[in-house]
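Hi,

I'm passing along the structure we talked about, so please have a look when you get a moment. My notes on what turned up follow right below it.

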Amino acid sequence: MYTISIKLDMNRIPKDAFDTLREKHHVWYKTYFDAGRFLILGTCPDVSGESLIIAQGTREELEEAVQFDAYYADQLATYKISEFKVELFNEAIKNYID
């Protein structure tokens, strides 16, 4: 299991392209959710443009996946993929998801 941290560079995203890029970004992550690769996605409300994905697959598969994100090609975001070893899981986690 891995985490993918995404930090948008809000100063580099053209204002006239923001909505289009965001829609393409949503299609991108939904594709990987539907494929079972991405398990949880959340934004960091206190840090503009930052989000975290909990994902499964190999590092190589996830490194390839981020290359298809709308923000990747023009380096409008940074991506950090880190291995995440689950030590304990509680079914009650669904109570914390709004």
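**Aromatic rings and their surroundings**

F38 is buried, at a relative accessible area of just 1%. Please keep in mind that this is a predicted model.

Searching the whole structure gives six aromatic pairs. One of them is formed by W28 and F38, whose rings sit edge-to-face, with 5.4 Å from centre to centre and 70 degrees between the planes. This pair links distant parts of the chain: W28 belongs to helix α1 (residues 18-34) and F38 to strand β2 (residues 38-43), 10 residues apart. W28 has a relative accessible area of 4%, so it counts as buried too, the cut-off being under 20%. Ring pairs also join W28 and F38 with Y29, Y32 and F33 into a cluster.

On the surface, you will find a nonpolar patch of about 600 Å². Its members are M1, L39, I40, F84, V86, F89 and I93. F89 lies in the segment after β4 (77-83), and its relative accessibility of 55% makes it exposed, because that label applies over 50%.

One more residue you may like to look at is T3, which is part of strand β1 (residues 2-8). T3 is buried, with 14% relative accessible area. Leaving aside residues up to four places away in sequence, T3 touches L52, I53, I54, K80, I81, S82 and F84. F84 thus turns up twice, as a contact of T3 and as a member of the nonpolar patch.

Happy to chat about any of this!

Best wishes

Note on methods. Residues are numbered from 1 along each chain as its sequence is written. This is a predicted model: local features need pLDDT of at least 70, side-chain atom pairs count only at pLDDT 80 or more; totals for chains, interfaces and linings use all residues. Side-chain values use heavy atoms; hydrogens and water are left out. Helices (H or I, at least four residues) and strands (E, at least two) are DSSP runs, numbered from the N terminus. Buried means under 20% relative accessible area, exposed over 50%, partly exposed in between (1.4 Å probe, protein chains only). Contact means heavy atoms within 4.5 Å. Patches are made of residues with over 30% relative accessible area and no salt bridge: like charges are joined within 9 Å, nonpolar side chains (Val, Leu, Ile, Met, Phe, Trp, Tyr) within 5 Å. Accessible areas come from the Shrake-Rupley method with a 1.4 Å probe; for residues, only the protein chains shown count as cover. A salt bridge is a side-chain nitrogen of Lys or Arg within 4 Å of a carboxyl oxygen of Asp or Glu. Rings of Phe, Tyr and Trp (its six-membered ring) pair if their centres lie within 6.5 Å; planes under 30 degrees apart count as stacked, over 60 as edge-to-face and the rest as tilted.
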